[in-house]
Amino acid sequence: MAQEYCCASAVEGAESGPHVPFVLERREKEEENWRTAVSHQLKKQCTCSSERAKAQVLGFVPILKWLPRYQLKDWILGDVMSGLIVGILLVPQSIAYSLLAGQDPIYGLYTSFFSSIIYTLLGTSRHISVGIFGVLCLLVGQVVDRELALAGYITESSSNNTTLGLGMGNSTGGPVCDRSCYAIMVGATVTFTAGVYQVLMGLLQVGFVSVYLSDSLLSGFATGASLTILTSQVKYLLGLELPRAQGWGSLVKTWVSLFQNLGQTNLCDLVTSMVCLAVLVPTKELNDRFKAKLKAPIPFELFVVIAATLASHFGHFEKEYGSKVAGAIPTGFLPPQLPSWSLIPNVAVDAFSIAIVGFAITVSLSEMFAKKHSYVVDPNQEMYAIGFCNILPSFFRCFTTSAALTKTLVKESTGCQTQLSGLVTALLLLLVLLVISPLFYSLQRCVLAVIILVNLRGALLKFTDVPRMWRVNRLDAAIWLVTMATSALINTELGLLVGVMVSAFCVLGRTQRAQALELGRAGHRELYEDLASYKGLQSQPGVAIFRYEAPIYYANQSLFKKALYRCLGLDPVKEKARRRKLEKHRRKQEEVAMTTGGEGGTKGKEKELTTTTKVFLPNQVNFHSVVIDCSPVLFLDTAGVNALKEVYKDYMENGVQVFLAQCNTSVLESLNRGGYYPEKGMGEKGRVFFTISDAVLYAQSLSSQNGDCDTSC
């Protein structure tokens, strides 16, 4: 027989009439045997048919689904334009961000090329641009520099005279690996490991984890990492050869090292950096200010790169002034190569944090633009897509990729309709890789550093939003500040972990500091709100109504009871102890009165007793029943059910009835499983009502039947 919850209700409009309860009968749910359930799931997942196979292939390679429906006349122009413009922007940025990742310039172009193609095939977002991303380049660069230092490479100059065998040959003259080669191998191994993590998370269907990385957390992390990126590029602006600081507090260590070596500044690099900054900063501002009027952003970065390369080449900056340049950039593609398996244990932990950041950024941008343009993305498929964007290119010595906000905004604003624009971008990059790349030999590294710094502008401007964030939500602002400060001042990866922990503690803290309210009724409406917050609310005679605005579970069940007792002004546990003490004192006084004998003595002692016991009388309360509004209680665990049992028992011992109102189905199930209801019938325990008004009417009618409407504790 189905379980019956005796949720009583009064006849509408009969507040002073008899109370007419009724019972809702729950639908009986057949609990499936676990073996049957497992067998059903296995059969569902393992059954093979032509339709299922087709659905699996189309789901894994989404381009097969949307390409046959491609609207050539309407979409091709926007896709071609956006692909060309993003490609033009990617050329200088790919070369520049290679510097941040500790790689040679050609590998930034490889990375952008392969990721554009792979995401076009596997991605579900129509608008995001997947490729190099500053924060990930920083994280990869930190791992590369650490492994280089452990391998004995201290500065970049050591690459000219130091080699290291990596098992790629033998001791009798096989191939050896210099600093650049080792850096490439470390970067590719980190990328491969991060991609494996992401694919495994896709297989385990854990795409939902992105919801636990809030916008304030990701924004704070990106801003803190941007400060670290800015600091790491200052040495290139000044033309200094300094090893990247390792360990915690690297930002502070780097600035100390910079100030100690200011005397070695290369004036040619400094002047070039200042000129490029003077050109790019205002032109970036112009692009942002007039983006609504411009059909496409003007590629000032590409113009600066071309001009700086020509000036460096004809001015002989490398020979005459010792300026560091990009160097030889080969054309074509290198043969694929497996990652270094021996390095995977060294970089496994770093690769996991890189995988989480890359996935979180990609999914958040995908969902943001999907919502804006009214379509749906699959987080798990995005995990596969970004994972293979890392695994496959790692064989061609690429480094980690993800979606990038700036290029995605450009892509969207220039008319992108589908990921076909990614193929157009890849074709442009292919042209650069096969023909144009050697022309960037004389490009100064300080120019690349300027391009990186200018692209940090958006993240650094987040500091101006802090006052607004603080006014809107102080907890979110605190999460942003803590994550940013930890990422910048202590350690980038640690900043992400600290941000997640602070976010979790903030959510937990909100349940620990839940509001406890005593409610009153608004006129004759069935509306009950906080007496302290609204005027004109009426307390119900003989009934106290309480609301606790949080779930009740093991971490806050004691706080719930304290809040209830404090709000109603009656702690039944203390009241019970006081009554026991009063009873003990009364009996002692009676014994003293009996031993004195005589009528006069007895009367005197009775007077004394009356005077004495008035001190121990309980506080006068004006209710005989308590109604707990459970509408904000999303769930109960075992500790929460036990807390409600204790509240009921303690108040009943003091003559106060306890009723629950507006419980959701989950709470009702928890009460049933936790034994809150008696086994047979409802009796006097555990009454649950649909509305607060029903509970109040029942409590008042019950008191009237007992002839004690004004009972006080």
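## Overall architecture

The protein contains 27 helices and 14 strands. The model is a predicted one. The chain has 713 residues, and 48% of them count as buried. Its accessible surface amounts to about 35900 Å², with carbon and sulfur atoms accounting for 61% of that area.

Contacts link parts of the chain that are distant in sequence. When residues at least 6 apart in sequence are considered, 80% of the contacts join residues at least 24 apart.

## Nonpolar cores

The largest nonpolar core comprises 101 residues, and the members that touch the most others are Val-135, Val-357 and Leu-443. Helix H13, spanning residues 344-372, gives the most to this core, contributing 12 residues. A second core, separate from this one, has 34 residues, among them Phe-560, Phe-623, Val-647 and Cys-663.

Apart from residues up to four places away in sequence, Val-135 touches Phe-221, Ala-222, Ala-225, Ile-229 and Val-357. Val-357 is thus named both as a partner of Val-135 and among the members of the largest core that touch the most others.

## Annotated transmembrane regions

An unreviewed UniProt entry carries the annotation "transmembrane region" for residues 75-100, 127-144, 182-204, 216-238, 294-314, 343-365, 420-441 and 477-505.

Two of these spans may be set side by side. For residues 127-144, the end C-alpha atoms are 31 Å apart, and the span is 61% helix and 11% strand. For residues 182-204, the corresponding separation of the end C-alpha atoms is 33 Å, with 96% helix and 0% strand.

## A buried threonine

Thr-272 lies in helix H10, which covers residues 267-289. Thr-272 counts as buried because its relative accessibility is 13%, and the cut-off for that class is under 20%.

With neighbours within four places in sequence left aside, the contacts of Thr-272 are Phe-317, Gln-444, Cys-446 and Val-447.

## A nonpolar surface patch

Trp-248, Val-252, Val-256, Leu-489 and Ile-490 together make a nonpolar patch of about 480 Å² on the surface. One of these residues, Val-252, belongs to helix H9, which runs over residues 250-260.

Val-252 has a relative accessible area of 45% and is therefore partly exposed; the exposed class would require over 50%. Thr-272, in contrast, is buried at 13%.

Technical notes. Residues numbered from 1 in each chain as written. Predicted model: local features only at pLDDT ≥ 70, side-chain atom pairs only at ≥ 80, totals over all residues. Heavy atoms only, no water. Helix = DSSP H or I, 4+ residues; strand = E, 2+ residues; numbered from the N terminus. Buried < 20%, exposed > 50% of the residue type's maximum accessible area, 1.4 Å probe, protein only. Contact = heavy atoms within 4.5 Å. Patch = residues over 30% accessible without salt bridge, like charges linked within 9 Å, V, L, I, M, F, W, Y side chains within 5 Å. Areas by Shrake-Rupley, 256 points an atom, 1.4 Å probe, with all protein chains shown as cover. Salt bridge = Lys/Arg side-chain N within 4 Å of Asp/Glu carboxyl O. Core = buried A, V, L, I, M, F, W, Y, C linked by side-chain atoms within 4.5 Å. UniProt positions renumbered as here; feature names shortened; annotations may be inferred.
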